[in-house]
Structure formats: structure tokens, C-alpha cells
Amino acid sequence: MTRRRSPYPYWFVLPAAVVFVTLFLVPTVASLWFSLTRWDLFEAHFIGLDNYRQFFKEPFLVQGLVNTLIYAVLTSGTKSVLGLLLAVLLTSGILWQGFLRSVVFFPVLVSTIGVGITFAALMHPTKGAINVALAYVGIDGPAWLSDPGLALYSVAFIDLWKGVGLATLIYIAGLAAISPDYYEAARIDGATRVQQFWRVTVPLVRPATVTVVTLSLIGGLRSFDIIWATTKGGPGFASDVLASVIYKQYQAGFYGLATAGNVILFALIAIIILPLTWWFNKREVDL
Amino acid sequence: MKLIPSAAFLSAFTLLAGLAQAETVLQVTTDGNAETVAAMEALTAAYTAANPDVTFEIENRPGGAEGDNLVKTRLATGEAGDILQYNSGSLFQALDPAKNLADLSDIQGNVIDSFKSVVTASDGTVRGVPFGAAMGGGIYYNKNIYAELGLSVPKTWDEFMANNAKIKEAGKVAVATTFGDTWTSQLFVLGDYFNVQAEVPSFAADYTANKAKYATTPAAMRGFQYLEDVFKGGYMNEDFGAAKFDDGVRMVATGEAAHYPMLTFALGNIKQNFPENLEDVGFFAQPGPSADKNGLTVWMPAGLYVPAASENIEAAKAFLAFVASVEGCELMIKTNGATGPYLIKDCALPADVPAAVADMMPYFQAGATAPALEFLSPIKGPALEQITVEVGSGIRPTAEAAALYDQDVEKQAKQLGLPNW
């Protein structure tokens with residue numbers, strides 16, 4: 001089969017190509033170059049792979065990597081599960097359905113930094129609303145954001161609160177696409193509500209699951225703003241993730257080193273997400 | 001008839017020319033600290049009153065690491081305006097001053113030598129003038145608590161810890177700790193430098209030359225140990241991980257806490273927010289192992305610089321010469337009060353200084369001061385504040401923390417491209 005010639009001239013692609021090359025391709029190539037230099041914004045000295053060596057020697061890199069994975073898997077997992085449950089609830093025709101849907105979606109619209117600052121106040125160990133409320137029922141609340149063993153999970157919870165609305169929205173759309181015929185058939189066969197959920201809803205809502213998991217996993221892997229607004233990676237380095245480690249190199253003026261970190265982050269996300277999407281797509285064909 | 005329009009044209013022309021000559025607008029960039037802004041506004045207003053042909057546009061930049069990035073980016077792109085207010089010492093050196101800042105060697109007539117040395121570029125020329133007062137890094141204490149418990153100002157670290165034990169026994173917070181603003185966690189380490197150099201005079205030079213390390217120099221490691229001791233003693237406020245700088249100032253000023261390790265610039269905040277408590281707060285240098293070798297670690301004030309890319313270098317220099325004069329210095333004291341000694345010759349502090357400043361001045365008069373390490377060496381590890389939070393919160397023991405900081409220092413030195421690293 002011969003390829004049909006496009007009816008449009010090639011120069012139609014020019015405006016998009018100019019934007020793509022100047023805003024995406026050139027910076028990408030430039031960052032690869034700068035990651036090989038010692039760069040103080042005034043001068044860049046070529047130093048080979050030293051930045052990569054230094055970045056892998058970074059004492060908190062391993063902990064940051066582990067934290068990044070914990071954070072991404074935790075937020076992505078809870079968002080998918082809770083999102084699906086909320087979507088089922090909010091499509092079941094309960095009272096005030098429309099109002100409750102907006103309540104669940106509302107946090108998505110709020111500025112992440114604003115959410116971070118608000119929760120930092122709510123989670124203050126002595127004056128925060130959460131611990132003050134717990135004190136009323138006699139519980140001595142922990143230091144949510146300044147206890148090294150707890151900080152990362154507290155931030156993940158804030159991320160879940162803020163992000164679950166979007167997952168719910170995607171699932172509601174996915175549920176709407178399932179034909180009611182399947183449920184009717186299941187009911188005739190005597191399936192309970194729980195069986196309907198596991199045997200009909202979960203398999204057929206799969207495209208939405210793929211979207212939610214992929215988006216939230218990428219979001220979790222490169223998560224930065226909510227962490228910076230609440231703990232800045234602290235206490236010490238306890239809630240550092242890859243993106244906050246990189247940002248701190250920029251802050252210190254190590255521009256070449258930070259750029260090398262970004263190249264590594266890019267590679268890491270690609271390594272995790274590419275096989276995952278491939279696997280998801282393969283399974284979709286099998287169905 | 002024809003003459004009138006041309007006369008009008010001519011007068012309009014001279015008016016325009018006059019205006020063009022009159023208007024030199026100098027672009028000034030400063031940090032957003034309330035005292036900085038107040039001093040800059042007072043100085044520029046006085047200068048414009050004396051020189052109506054020069055006016056100013058003042059822009060505030062963010063502080064901290066974000067401000068560092070902004071200043072470097074603007075200097076690199078030649079957009080830094082005509083006058084720049086920025087740190088002296090190691091941060092000044094990171095601006096590549098020989099290349100990016102104008103030579104100000106000829107307006108240093110009134111400037112004290114110790115300041116010149118922290119704004120001197122690698123080629124030996126002086127590139128800045130002082131803006132503000134020198135600061136001490138030490139410990140504020142609440143005089144009411146000291147009087148109530150019959151305590152006296154400690155001369156050694158052991159006496160300090162004995163005081164803390166008594167304060168804790170009396171049911172009060174001994175050391176206000178504010179790790180919510182991580183930079184405040186560094187004071188016990190950085191403010192100990194007078195004691196370090198009293199014991200190891202060559203530390204700064206050896207440290208810069210990659211010969212001395214924190215982990216292998218007991219005198220230098222002691223600062224980390226102090227943090228651990230205070231944590232283990234349980235002397236801190238309950239919300240130490242979340243409390244911020246403003247909380248620390250409030251605690252020591254109002255008697256919620258007995259001590260707050262901090263730089264003396266915090267006095268401005270006490271004056272603004274708790275003026276009725278200003279006389280309740282005293283100050284002492286960080287005590288060390290020995291009473292007779294104790295003294296104050298001093299931070300030099302920020303400098304004013306002229307970016308080399310400025311189009312009004314001469315006009316900017318004339319203004320900076322005014323700032324670095326006795327008149328300019330007295331104007332700053334009038335605006336912000338006396339928070340410490342100014343680095344201008346013959347610029348004396350008024351007699352009625354706040355108690356904490358009066359406590360600080362004897363160290364200067366006796367010569368018992370040493371500059372902080374960041375003014376003696378270009379290397380300061382960027383992760384120090386995270387590491388000191390860890391030690392001070394019991395996450396990491398002292399020896400491990402000092403070794404970790406040595407690694408951080410090595411990274412900084414390598415990124416600066418220093419020899420021997």
C-alpha cells in the first residue's frame with residue numbers, strides 16, 4: 001500500500017514546528033548540555049559526568065527516591081480506590097448528589113500552595129485545629145508535619161484530599177459509559193450489589209482506571225508544590241522527594257547539578273510510566 | 001507674527017532639554033525587610049531633597065535562596081538596575097563581583113577596614129559600601145525570668161545548661177526553638193565560631209584549603225553537640241518543629257521562654273512588635289568551654305553595590321558615597337534605632353540604646369569579636385539548616401551530622417571550583 005500524499009503543503013506545519021522547537025526541543029537539548037557543566041548562570045565549565053556522579057552521591061538521594069516511590073504509589077493507589085468508591089456513591093442517586101459532587105471536586109480548584117499553607121496551620125502540633133479537636137476527646141495528637149516518621153504520610157494525605165476530586169470526576173465519566181444493560185442482566189442472574197460492583201463495574205470502568213492511575217502516578221512522582229508548601233522536605237530530610245532535592249540544588253546555586261537531577265527525574269518517570277502504559281494497553285486488547 | 005511660535009517652540013525645547021537633564025532615575029533593588037525598606041526610603045528622600053535632579057525607584061525582591069537566584073539571574077542578563085542591596089561575604093563572592101559589579105574603591109573614605117575586606121573582589125578592588133549595622137550572633141535572654149529565678153548571665157556552656165535546668169524546673173521553656181523557619185536552627189553552630197577560632201585559630205584557612213573538617217575538629221563539632229544537648233535536656237518549647245522566627249521573638253520578649261539563640265537584627269522585630277518589652281530582653285555571646293576565651297561572633301551588614309551593566313554608574317556612586325558618609329549613617333540610626341555598631345568612621349551610637357545593644361557593645365569595645373565563618377571562607381554548605389534541624393530534633397547524632405555536613409561542604413567547594421577539592 002502506498003502512502004497517500006497529504007493534500008496540505010508541508011509549510012502548514014511551520015507555526016507549530018517553530019513553537020515546538022524553540023520552547024521544547026532547544027531547552028531540552030540545552031539542559032542536556034548544561035547538566036554536563038559547572039554552571040553559576042554567569043559561566044558554564046564543562047566537567048563531564050561529574051554532576052551525575054555528585055547527584056548519585058547525594059546522601060539523601062536514596063531516601064528521596066524511596067520517599068518519591070512511597071509517595072507516588074500511596075497517593076495514586078488511594079486516589080484510585082477512594083475515587084472509584086466516591087464515584088459509585090455519587091452516581092447512585094443519593095440525596096443532594098449534585099451538591100456533594102461539587103463538594104468533592106472543590107479542592108481541585110483551590111491553589112495548591114494555599115492548600116499547603118492551610119493544612120500547615122491545621123496540622124500545627126499545639127495550636128492546629130486537628131490537634132485541638134483531638135485534645136477535646138482526650139487524644140494527644142502527634143506533630144503531623146514535624147514528626148520525621150509521619151511527615152511524608154501527612155503530606156500524602158493532603159495530596160489525596162486535594163486530588164481525589166479529579167479521580168472521582170474521571171470515574172463518574174467512566175461509570176456513565178457502562179451500559180445499564182449489564183447491570184440488568186446481572187440482577188436477573190441474581191447478583192448482589194457487591195457482586196455487581198466486582199464483576200461488572202470494576203472490569204468495565206478499566207479505561208478510567210488506566211487514566212486515573214497513570215495521571216496520579218506521574219503527578220506523585222514529580223510532586224513538589226504541596227511538599228514545599230508544607231514541610232519543605234523536612235524535618236531535616238524526612239519528607240524529601242526527588243523534586244525537592246533538585247530544587248534545593250537550584251536554591252544553592254548549583255545550576256548544573258540541579259539540571260542533571262532533572263534529567264535523572266525525567267528518565268525515572270519514563271522508566272516507570274512507559275512499561276506501565278504498555279502493560280495497561282496490552283491488557284485492554286486482551287479484554 | 002512668525003516670531004511668536006518659534007519663541008514658544010524654543011522655550012518648549014529648553015524646557016524639554018532641562019527636563020531631560022534633570023531626570024536621572026536610579027533603579028534600586030533591596031530585600032523586603034521592613035527595616036531595609038525604611039532606611040532606603042529615608043536615605044533616598046534625603047538625597048533627592050539635596051539633589052533634586054536625582055530620583056529613585058525602589059523595588060523589593062524576595063529574601064533567602066529565592067532572592068539569591070533572582071539577583072544572579074538579573075546580573076547575568078544585565079537587568080539588575082543601578083543599585084543593588086545584597087549580602088556581603090560568601091554570598092557576595094558568589095556574584096562574581098570582579099565581572100558583574102562596578103569598582104567602588106574611590107568612595108571608601110569613611111568605611112571601616114573590616115567591612116572592606118568582606119566586599120573585596122578577587123582582584124583586590126572594593127565593590128561595595130555598608131548598609132546597616134553589624135550584627136552579633138548569640139543568645140537573647142528574658143531579664144524578668146532571670147531576676148525571678150535569681151540566675152546570672154552564663155560565661156560557659158555548662159553554666160548555660162545549669163541555668164536551663166533551673167528554668168525547666170520552674171516550669172518554663174528554657175530555649176525557644178523555631179525549626180519551622182529552618183534557617184533559625186543554625187545559630188548554635190554558626191554563633192559558636194568565636195569559640196572555635198579561639199581554640200583553633202587556623203580553622204578558617206584550613207577549612208577553605210580542605211585540610212580541616214568539622215567531624216575531625218572537636219572545637220568545631222561542639223556546635224552540633226550543643227544542639228543535641230538542648231534537645232536531650234528537653235529544654236525546648238513543645239511546638240519546636242512548627243514554631244517560626246516570629247514565635248521565637250515573641251517567646252523571649254514576653255517571657256514565654258527564657259532564651260532564644262538569634263542574630264541581633266531580631267531586636268528590630270522586638271521593637272516593632274513588642275515595644276513595651278524592649279527593655280526586658282538582654283543579650284549574651286554564645287558561651288563556650290572556657291569563660292576567659294569567650295567572645296561574640298559578628299555578622300557584617302549587607303552592602304550596596306552598583307551593577308557593572310548600569311547606565312548611571314557615576315550618579316549611583318555619588319549616592320552610595322552619601323550612604324557611606326557620617327550623615328548617611330546618622331540618618332539610618334535615626335530611622336531604625338541603634339541595633340549595633342555601624343561600619344562608618346566617626347558615626348557614634350546614641351547613649352540611650354536598648355538593653356540588648358548595651359549588652360553587646362562591650363564585646364566590641366574589648367575587641368572580643370570574630371567574624372562568622374561565612375565572612376572568612378567562601379564555603380558554606382547549603383544543607384546546614386536541614387542538618388541542624390535533624391540534630392536539634394534528635395533525628396541524627398552529633399558525630400554523624402558533622403560528617404554529613406563535611407560532605408555538603410565538599411559539594412559546595414567543588415561547585416565553586418576551588419583549588420584543592
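How many residues of domain 1 of chain B are in contact with domain 2 of chain B, and how many of domain 2 take part? The first view below picks this up, and the other views move on from there. Keep in mind that this is a predicted model.

**View 1. Where the two domains of chain B meet.**
Chain B is split into domain 1, covering 3-127 + 302-342, and domain 2, covering 135-299 + 356-416. Here is the count: 12 residues of domain 1 of chain B are in contact with 16 residues of domain 2 of chain B. On the domain 1 side, helix H2 (34-50) and helix H4 (90-93) of chain B are the elements that give two or more residues. That side of domain 1 of chain B, where it touches domain 2 of chain B, breaks down into four nonpolar, seven polar and one charged. Taken over C-alpha atoms, the centres of domain 1 and domain 2 of chain B sit 33 Å apart.

**View 2. Chain B as a whole.**
Step back a little and you can look for 19 helices and 11 strands in chain B. Its radius of gyration is 24 Å, close to the 22 Å from the globule rule for 421 residues, so chain B is as compact as a globular protein of that length. Measured out along the principal axes, its C-alpha trace spans about 95 × 55 × 40 Å. Buried residues account for 49% of the 421 residues in chain B. Take the contacts in chain B between residues at least 6 apart in sequence: 76% of them join residues at least 24 apart.

**View 3. Helix H13 of chain B and its cover.**
Is helix H13 (residues 245-254) of chain B mostly covered or mostly uncovered? It's mostly covered, with seven of its 10 residues buried. Those buried residues are Asp247(B), Gly248(B), Val249(B), Arg250(B), Met251(B), Val252(B) and Ala253(B). Among the elements covering them are strand E5 (135-142), strand E6 (173-175), strand E7 (257-263), helix H14 (266-273) and strand E8 (281-285) of chain B. Just past the helix comes Gly255(B), with a positive phi near 85 degrees.

**View 4. The largest nonpolar core.**
Val252(B), one of the buried residues of H13(B), turns up again here. This core has 169 residues, and the members that touch the most others are Tyr171(A), Tyr140(B), Val252(B) and Leu320(B). Helix H7 (residues 151-176) of chain A brings the largest share, 12 residues. Domain 1 (3-127 + 302-342) and domain 2 (135-299 + 356-416) of chain B both give residues to this core, so it lies between them. Zoom in on Leu320(B): not counting residues up to four places away in sequence, it touches Leu104(B), Ile107(B), Val129(B), Leu304(B) and Val306(B). As a rule of thumb, nonpolar side chains in soluble globular proteins tend to be buried together.

**View 5. Where chain B touches chain A.**
This contact takes 28 residues from chain B and 25 residues from chain A. On the chain B side, helix H3 (64-77), helix H5 (97-100), helix H18 (384-392) and helix H19 (398-416) each supply at least two residues. Which of them gives the most? That's H3(B), with six residues. The residues on the side of chain B that touches chain A come out as nine nonpolar, 10 polar and nine charged.

**View 6. Chain A and its UniProt stretch.**
Chain A has 13 helices and two strands. Its C-alpha atoms fill a box of roughly 75 × 75 × 30 Å along the principal axes. Of its 287 residues, 35% count as buried. Among contacts in chain A with a separation of 6 or more, 70% come from residues 24 or more positions apart. An unreviewed UniProt entry lists residues 65-276 of chain A as "domain: ABC transmembrane type-1". Over that stretch the chain is 75% helix and 0% strand, and the end C-alpha atoms are 19 Å apart.

**View 7. A look around Ile218(A).**
You'll find Ile218(A) in helix H10 (residues 206-221) of chain A. It counts as partly exposed because it has 16 C-beta neighbours inside 10 Å. Setting aside neighbours within four places in sequence, Ile218(A) is in contact with Ile269(A) and Ile273(A). Ala72(A) is 146 residues away from Ile218(A) along the chain, yet their C-alpha atoms are separated by 7.6 Å.

Definitions and conventions. Residues numbered from 1 in each chain as written. Chains lettered and ligands numbered in written order. Predicted model: local features only at pLDDT ≥ 70, side-chain atom pairs only at ≥ 80, totals over all residues. Helix = DSSP H or I, 4+ residues; strand = E, 2+ residues; numbered from the N terminus. Rg over C-alpha atoms; globule rule 2.2 N^0.38 Å. Buried ≥ 20, exposed ≤ 12 C-beta atoms within 10 Å, placed from the backbone. Contact = placed C-beta atoms within 7 Å. Nonpolar A, V, L, I, M, F, W, Y, C, P; charged D, E, K, R; others polar. Domains from an automatic or database assignment. Core = buried A, V, L, I, M, F, W, Y, C linked by C-beta atoms within 7 Å. UniProt positions renumbered as here; feature names shortened; annotations may be inferred.
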